Amino acid sequence: MASFAASPVSFSAVSCTVKPNQVSNLRRASLSFSGKSSPSRRIPALRFRVACSAKPETVCKVVDIVRKQLALPDDRDVSGESTFATLGADSLDTVEIVMGLEEEFGISVEEESAQSITTVQDAADLIEKLLEKK
Amino acid sequence: MRIGFTKMKLDCYQRTFAHSSSSLTPIQLPAHLETHLWYVKPSEVKNESLLKQYLDILSPRERENVMQMRGEELRKSALLARTLVRTTIARYQINSQINPRSLKFRKNIHGKPEVDWQFSNDSLPPPLHFNISHTSSLVACGVTVDSQIGIDVEEKHRSIKHTVLSFARRYFSKHEIQFLASITDPQVQKLEFIKLWTLKEAYVKALGKGFSGAPFKTFTIRFKEDSIHQASEIVVDSFDEPTELTSNWQFSLLELANSHYAAICTEKHAASAEGKRNVPTKLTVWKTIPFVVDECVSGTDAVKTIYG
């Protein structure tokens with residue numbers, strides 16, 4: 001799990017749970033953030049590469065966007081495993097979520113890829129894949 | 001569970017109460033060129049034992065899916081969606097198959113749900129097609145015979161997070177963007193956007209190829225003015241499909257219960273030697289609480305035809 005030695009990292013999402021087994025095969029990596037930077041996220045010059053599932057940061061951003069789109073109550077648990085369908089996203093919500101992710105991460109998602117996304121984790125993984133290609 | 005019924009024709013302009021707590025009033029299959037639409041309003045289904053009864057007719061897998069929905073309202077509309085599909089199809093009593101619980105479903109190669117008729121090998125499956133759509137406030141099921149069908153319902157005043165035009169620019173075709181951009185009143189623009197969305201969804205669902213099978217940007221839905229009859233027609237133009245294929249589809253657009261838009265897309269048939277003329281389809285709409293009451297609402301205020 002990534003650790004940020006210096007300033008505390010605060011997320012605007014209420015809760016963001018990431019299971020430890022999502023971050024296996026941790027190697028050296030460089031942290032790069034596309035999209036908006038937030039003053040609360042002061043990341044020190046720590047370099048490591050995550051060669052597998054999406055970074056917790058990415059999952060958290062996806063969770064945040066999903067929460068806002070679906071107007072979920074604060075006590076609704078949303079994690080990487082949550083499926084959009086069970087959270088109540090219909091097709092219009094799903095395309096808006098994709099738009100939100102495109103805007104947040106500066107990526108472009110094709111219809112075929114969008115159709116295969118069923119969980120928050122899927123979305124985060126796809127985002128990272130697209131970011132890598134840039 | 002016993003299902004009793006009387007052989008009664010479900011005429012329109014009638015409100016029919018089920019004659020026992022577990023019966024479904026049977027009905028004849030829609031004719032060629034006819035569409036049946038059934039809908040339920042979750043807010044009108046409050047009885048806990050009735051909801052338990054519904055849960056009981058679902059398959060174990062469906063029950064599991066319902067229980068996985070996060071939140072009571074979502075569970076309820078998921079439950080009612082499956083209940084509506086099962087009870088609606090069961091009404092048509094194909095080969096005396098009247099138990100909604102016994103129906104089996106499968107998905108086609110692209111993931112579109114269809115009935116998996118449990119008949120012996122020498123029987124032909126009945127040509128019944130269905131499609132379902134649900135919002136948290138309304139669940140609808142459309143039924144046709146011999147014709148692919150796709151339906152979509154949306155709340156008229158559903159909120160979207162992006163502006164209409166930014167949404168349209170991302171997903172809609174050039175012609176559709178221009179159409180929406182030309183509307184100056186933002187409220188009207190929003191309503192037209194929702195209408196267009198439901199029509200596009202209904203088309204994709206009718207095709208049954210999934211969202212990526214017919215990406216929204218690759219086809220245009222527009223309203224055609226017939227100068228002779230001054231009637232409007234909804235047509236679809238596709239960049240990928242030749243005209244003969246897109247002229248295969250016809251649309252209806254309704255306002256249901258003053259609160260929702262419902263779009264229905266069905267296959268046309270080569271009705272005559274002159275080719276695919278636009279033969280108006282008959283649409284009959286029922287509001288239902290399965291096992292409790294059915295109300296034919298065609299011709300009432302609950303159903304306002306916008307096009308079709």
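Which side chain meets that of Lys61(A) in a salt bridge? In this predicted model, the partner is Glu104(A), with an N to O distance of 3.5 Å. Lys61(A) belongs to helix H1 of chain A and Glu104(A) to helix H3 of chain A, so the salt bridge ties together parts that lie 43 residues apart in sequence. Over all chains, a search of the whole structure returns 21 salt bridges. Side chains of opposite charge can pair when their charged atoms come close.

The interface of the two chains was examined next. Contact between the chains involves 24 residues of chain A and 22 residues of chain B. The size of an interface is often given as the accessible area lost when the parts come together. For chain A and chain B, the buried area is about 2,100 Å², and carbon and sulfur atoms give 53% of this value. Three salt bridges are counted between chain A and chain B. In a salt bridge between the chains, the side chain of Arg158(B) meets that of Asp90(A) at 2.9 Å, N to O. Polar contacts across this interface amount to twelve residue pairs, with both residues at pLDDT 80 or more. On the side of chain A that touches chain B, the elements giving two or more residues are helix H1 (56-70), helix H2 (84-87), helix H3 (91-105) and helix H4 (111-116) of chain A. Of these, H3(A) gives the most, with ten residues. By residue class, the side of chain A that touches chain B comprises seven nonpolar, seven polar and ten charged residues.

Chain B contains an open sheet of four strands, in the order E7-E11-E10-E14, with antiparallel pairing. Strand E7 (149-155) and strand E14 (303-307) of chain B occupy the edges and have a single partner strand each, so one side of each is left without a neighbour in the sheet. On average, and with direction ignored, neighbouring strands of this sheet are turned by 25 degrees against each other. Seven bridges support the antiparallel pairing of E7(B) with strand E11 (residues 260-267) of chain B. Within this pairing, Glu154(B) has Tyr261(B) of E11(B) as its bridge partner. Helix H6 (residues 186-207) of chain B packs on the sheet, where H6(B) touches E7, strand E10 (249-256), E11 and E14 of chain B. The direction of H6(B) makes about 155 degrees with that of E7(B).

An open sheet of six strands is also found in chain B, with mixed pairing and the order E1-E13-E12-E2-E6-E5. Its edge strands are strand E1 (15-17) and strand E5 (128-135) of chain B, each of which pairs on one side only. Neighbouring strands of this six-stranded sheet are turned by 20 degrees against each other on average, direction ignored. E1(B) runs antiparallel to strand E13 (residues 293-296) of chain B, and three bridges join the two strands. Phe17(B) stands opposite Val293(B), a residue of E13(B). Helix H3 (residues 72-91) of chain B lies across five strands of this chain, namely strand E2 (34-40), E5, strand E6 (138-145), strand E12 (282-289) and E13. Relative to E6(B), H3(B) runs at about 25 degrees.

Methods:
Residues numbered from 1 in each chain as written. Chains lettered and ligands numbered in written order. Predicted model: local features only at pLDDT ≥ 70, side-chain atom pairs only at ≥ 80, totals over all residues. Heavy atoms only, no water. Contact = heavy atoms within 4.5 Å. Buried area = accessible area lost by both parts, 1.4 Å probe. Salt bridge = Lys/Arg side-chain N within 4 Å of Asp/Glu carboxyl O. Polar contact = N/O pair within 3.5 Å; in protein donor to acceptor, adjacent residues only side chain to side chain. Nonpolar A, V, L, I, M, F, W, Y, C, P; charged D, E, K, R; others polar. Pairing = 2+ DSSP bridges. Axes fitted to C-alpha atoms, helices over the stretch in contact; angles between N-to-C directions.
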